[in-house]
Structure formats: structure tokens, C-alpha cells
Amino acid sequence: MSVSPIPFSKPYLSGREFQYMEQAVRSGKISGDGLFTRKCHAFFEQELGFQKALLTSSATDALEMAALLLDIQPGDEVLVPSYTFVSTANAFVLRGARIVFVDSTPENPNLDVTQLETLITPRTRAIVPVHYAGIACDMDVLLAVAARHNLAVVEDAAQAIDSFHRGRPLGTLGTLGAFSFHEAKNIIAGEGGLLTVNDPQLVRRAEIIREKGTDRAAFFRGEVDKYTWLEPGSSFLPSDLTAAFLWAQLESMTRIQQRRHVLWQRYDDVLRGPLAARQVGLPVIPGYATNNAHMYYLTCRSLAERTALIEHLARQQVLLVFHYLSLHRSPYYAPYHDGRALPWADYYTDHLVRLPLYYELAEADQDRIIDAILEFYAVWDKS
């Protein structure tokens with residue numbers, strides 16, 4: 001009997017996306033900073049507690065804005081986890097920075113804060129923690145290190161909407177924060193991102209850089225009688241059509257998150273016991289962090305095991321996927337890496353696998369996934 005394929009991810013429409021996009025079109029204002037952009041900004045600032053929120057076309061754009069805001073110069077050093085998406089490092093490489101890669105922890109793929117002190121030099125300008133799977137890094141230690149050395153902190157919170165560190169929203173703890181609304185995230189806009197500005201002294205420059213280096217935003221608020229070019233910037237604004245789509249998602253964020261939590265917990269309730277007994281790794285949520293149900297992953301015991309697991313589920317029409325490849329070993333950056341071994345970044349590169357998790361994942365389909373994983377291990381451990 002044939003079964004329907006189960007994708008790894010599936011974009012979810014909450015119900016009002018097209019209505020709001022049509023409203024934006026009919027308003028005659030579909031470029032950046034329209035009605036729906038303002039609605040989204042107000043939501044992030046008033047409901048989620050972000051001091052200053054600025055929508056961008058992507059989280060990559062938000063990170064590139066952060067590098068500009070910090071005046072990163074050629075030769076500056078920026079500490080970045082090796083196990084991350086390329087945009088985390090690329091934003092600073094584009095400004096001429098030297099990336100100093102930090103290894104992950106044995107507990108989860110977040111950067112190992114205990115290594116930071118040994119990697120800081122007089123040229124270090126910033127630390128960029130990535131909250132992998134929406135799970136907070138150890139920000140108490142990281143922020144203390146940054147304060148001792150007068151370093152900026154840019155939180156790569158691309159996966160971390162609606163997640164917290166000791167009650168504070170991720171993206172609000174560092175100097176700046178970057179979020180993603182890519183279609184694979186919890187809250188989506190197809191593409192799209194957000195920069196959070198937590199240093200009041202950077203707010204005006206953030207608006208200027210986002211508007212091609214001009215004070216156009218101040219002009220439209222009536223604060224200046226004309227706008228002009230003040231410093232280098234770029235066009236980081238998304239269309240108001242993107243914001244209209246995002247606004248529909250934000251209105252439904254509680255419902256979306258509740259469903260994702262149910263699915264995440266169903267995986268954990270069934271898989272944790274039998275897989276932990278086999279020493280297969282499962283997500284670890286530290287006491288200072290919350291879980292926003294962005295991702296459920298396993299860390300297999302070997303690359304061969306992971307490959308076989310992915311192939312076993314593919315035969316049953318289920319798509320499992322691995323994730324990042326260590327950036328310190330990438331063709332582009334390997335020649336610039338200082339040669340240190342980063343064993344845990346490489347471990348997650350070869351061992352981590354992500355399970356399907358999306359709003360419309362039916363429980364019967366989730367049971368198929370779970371049963372196939374348990375079936376695989378029952379056979380694999382006897383082979």
C-alpha cells in the first residue's frame with residue numbers, strides 16, 4: 001500500500017495572509033515601512049518587549065546591518081560558532097573581519113562559552129552567539145565575558161522567536177539581535193527578518209543604515225524638512241506585502257506555537273526513553289532556557305548510522321535532513337582558520353539529523369515517523 005510523502009517542512013498559512021496583502025495593495029503603499037510594517041514593529045516592541053524593532057528583508061540583512069552599526073573594519077576579529085549558517089559569519093566577513101570560530105558544547109550545538117576568554121585578543125570586537133534550535137546560549141557567562149572586554153554581542157536569534165533566557169526574550173540581551181521569518185521558521189513571511197536594537201545610541205543610525213544611509217525615516221515622521229545622505233547604508237527594508245503576510249502570522253503566533261509544542265512533546269515523550277537508552281542524543285534544554293519548539297533533532301552515534309537512518313525513512317517516504325557543515329572546514333574559510341580542532345562542531349556536522357516538524361503535521365504521520373525511527377534502531381543495533 002502506497003503512503004503519502006511526509007516533507008521535512010511545510011509553510012503554514014494562518015488564514016488572513018492574502019486578505020492583508022490585498023489590503024496593502026489597495027492602500028496604494030506596498031513599498032517599505034507601510035501600514036503593516038508599522039503594525040509588526042508595534043507588536044514586537046509592545047507585545048514581545050523589543051526595545052527597537054526594524055523589519056528587514058532577511059535575517060542575513062539584519063546581521064549585515066549589525067556589522068555596519070558596529071563599524072566592523074578590516075582586521076577586526078569577531079567570535080562566531082563554527083556550527084551555524086554561513087550568514088552568521090558572512091555578515092562580518094563582508095566588512096573585512098577575521099572570523100575566529102568557537103566550538104560547540106557537548107550538550108547541544110550552541111557555542112561553548114568556556115572557550116571565549118582564551119580566544120579574545122586586542123582586535124576582538126564582537127561575539128555572535130547563535131541560539132540553535134531556539135534554545136538560548138549560556139548568556140550569563142557570555143555577557144559577563146563581553147562586559148569584561150568591552151565587546152558588542154550580536155544575537156543570531158534566527159530560529160529563536162518566542163524563546164527566552166531567564167524570562168527575557170532572546171534578541172534583547174545583546175547589543176543587537178537578528179531574527180528570520182524564512183518559510184522554514186515558526187513564524188514566516190516567505191523571506192523576511194528583523195533587527196532588534198537594544199542600545200539606544202544605535203537606534204538613529206540603524207534607521208539611517210536601513211534607509212540607504214539617509215534620514216528618510218525621520219523625514220517621514222516630520223522630524224526634518226528634507227532627507228539626505230548621511231553615511232553608507234543599503235536598502236534593507238522589506239515590501240509592505242511581506243509585512244502584511246507576517247502580520248497575519250503574528251496574530252496567530254500563540255496558536256501556531258501551541259501546536260508546535262504539542263508536536264515537539266509527542267516526539268520527546270515517545271523517543272527519549274528508548275533512544276537515550278541506546279545513547280542516541282536528544283535535545284537538551286538548560287534550566288535558564290525555554291523551548292520554542294522550532295526543531296526536534298537526534299544526534300546519531302556515527303555518520304554511518306545517520307546516513308542509514310535517513311535512507312531508511314526515505315524508503316518510507318519520510319524526509320529527514322541533516323544541518324550545517326562546520327564553517328571552519330568550508331572551502332572558502334578553511335585557509336583562514338587558525339588550525340584549532342573544533343571536535344564538537346564536526347560532531348554535529350556528521351551526527352545531527354532533524355525530524356519533520358510543522359503546524360500541519362498530522363499525528364498519524366508523526367506516528368509513522370516515530371515508528372520508523374524505532375524500527376530502524378531495533379534492526380540497526382542487531383546488525
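Hi everyone. One term before we start: partly exposed means a relative accessible area between the buried limit, under 20%, and the exposed limit, over 50%. Keep in mind, too, that this is a predicted model.

With that term in hand, let's take Lys 212. Its relative accessibility is 42%, so Lys 212 counts as partly exposed. Lys 212 sits in the loop between α7 (203-210) and α8 (216-220), and its phi is positive, about 65°, although it is not a glycine. For background, most residues other than glycine have a negative phi.

There is a second case of this kind on my list, Asp 33. Phi of Asp 33 is near 60°, again a positive value in a residue other than glycine. You'll find Asp 33 in the loop between α1 (17-27) and α2 (35-47). At 23% relative accessibility, Asp 33 is also partly exposed.

Now back to α7, the helix that Lys 212 comes just after. Which of its residues are buried? They are Val 203, Ala 206, Glu 207, Ile 208, Ile 209 and Arg 210. That makes 6 of the 8 residues of α7, so the helix is largely enclosed by the rest of the structure. Notice that the buried set includes Glu 207 and Arg 210.

On to the nonpolar cores. As a general point, nonpolar side chains tend to be buried together in soluble globular proteins. Here the largest nonpolar core has 96 residues, and those with the most contacts inside it are Phe 44, Phe 92 and Phe 181. Leaving out residues up to four places away in sequence, Phe 181 touches a list of residues including Phe 44, Leu 55, Ile 161 and Leu 246, along with the run from Ile 187 to Leu 194. Apart from that core lies another one, of 29 residues, with Tyr 296, Ile 369, Ile 370 and Phe 376 among them.

A quick word on cysteines. The structure holds 0 disulfides. Cys 137 is buried, at a relative accessible area of 1%, and Cys 300 is buried too, at 0%.

Next, the open spaces, which may interest those of you who do docking. The largest pocket has a volume of about 510 Å³. It is lined by 30 residues, and closest to its centre are Gln 159, Ser 180, His 182, Lys 185 and Tyr 324. Two elements, α3 (59-69) and α4 (86-93), give two or more residues to that lining, with the largest share, 3 residues, coming from α3. By class, the lining has 12 nonpolar, 13 polar and 5 charged residues.

The second largest pocket holds about 350 Å³, and here we meet Asp 33 again. Asp 33, Arg 38, His 41, Ala 217 and Arg 221 lie nearest its centre, out of 17 lining residues. The elements giving two or more residues are α2, β1 (53-56), α7 and α8, and α2 gives the most, with 4. How does this lining divide by class? There are 5 nonpolar, 2 polar and 10 charged residues.

Finally, the closed spaces. How many cavities of 30 Å³ or more does a search of the whole structure find? There are 2. The largest has a volume of about 100 Å³, and among its 15 lining residues, Lys 10, Tyr 12, Lys 185, Asn 186 and Arg 260 lie nearest the centre. The second largest has about 50 Å³ of space, with a lining of 8 nonpolar, 1 polar and 1 charged residue. Thanks for listening!

Methods: Residues are numbered from 1 along each chain as its sequence is written. This is a predicted model: local features need pLDDT of at least 70, side-chain atom pairs count only at pLDDT 80 or more; totals for chains, interfaces and linings use all residues. Side-chain values use heavy atoms; hydrogens and water are left out. A nonpolar core is a set of buried Ala, Val, Leu, Ile, Met, Phe, Trp, Tyr and Cys residues joined through side-chain atoms within 4.5 Å. Buried means under 20% relative accessible area, exposed over 50%, partly exposed in between (1.4 Å probe, protein chains only). Contact means heavy atoms within 4.5 Å. A disulfide is a pair of cysteine sulfur atoms within 2.5 Å. On a 1 Å grid over the protein atoms alone, a cavity is a set of points where a 1.4 Å probe fits but cannot get out, and a pocket is an open set with protein on both sides within 12 Å along at least five of seven lines; lining residues have an atom within 4 Å of a point. Grid points are joined across faces, edges and corners, and a volume is the space filled by probe spheres set on the points. Ala, Val, Leu, Ile, Met, Phe, Trp, Tyr, Cys and Pro count as nonpolar, Asp, Glu, Lys and Arg as charged, and the others, Gly among them, as polar.
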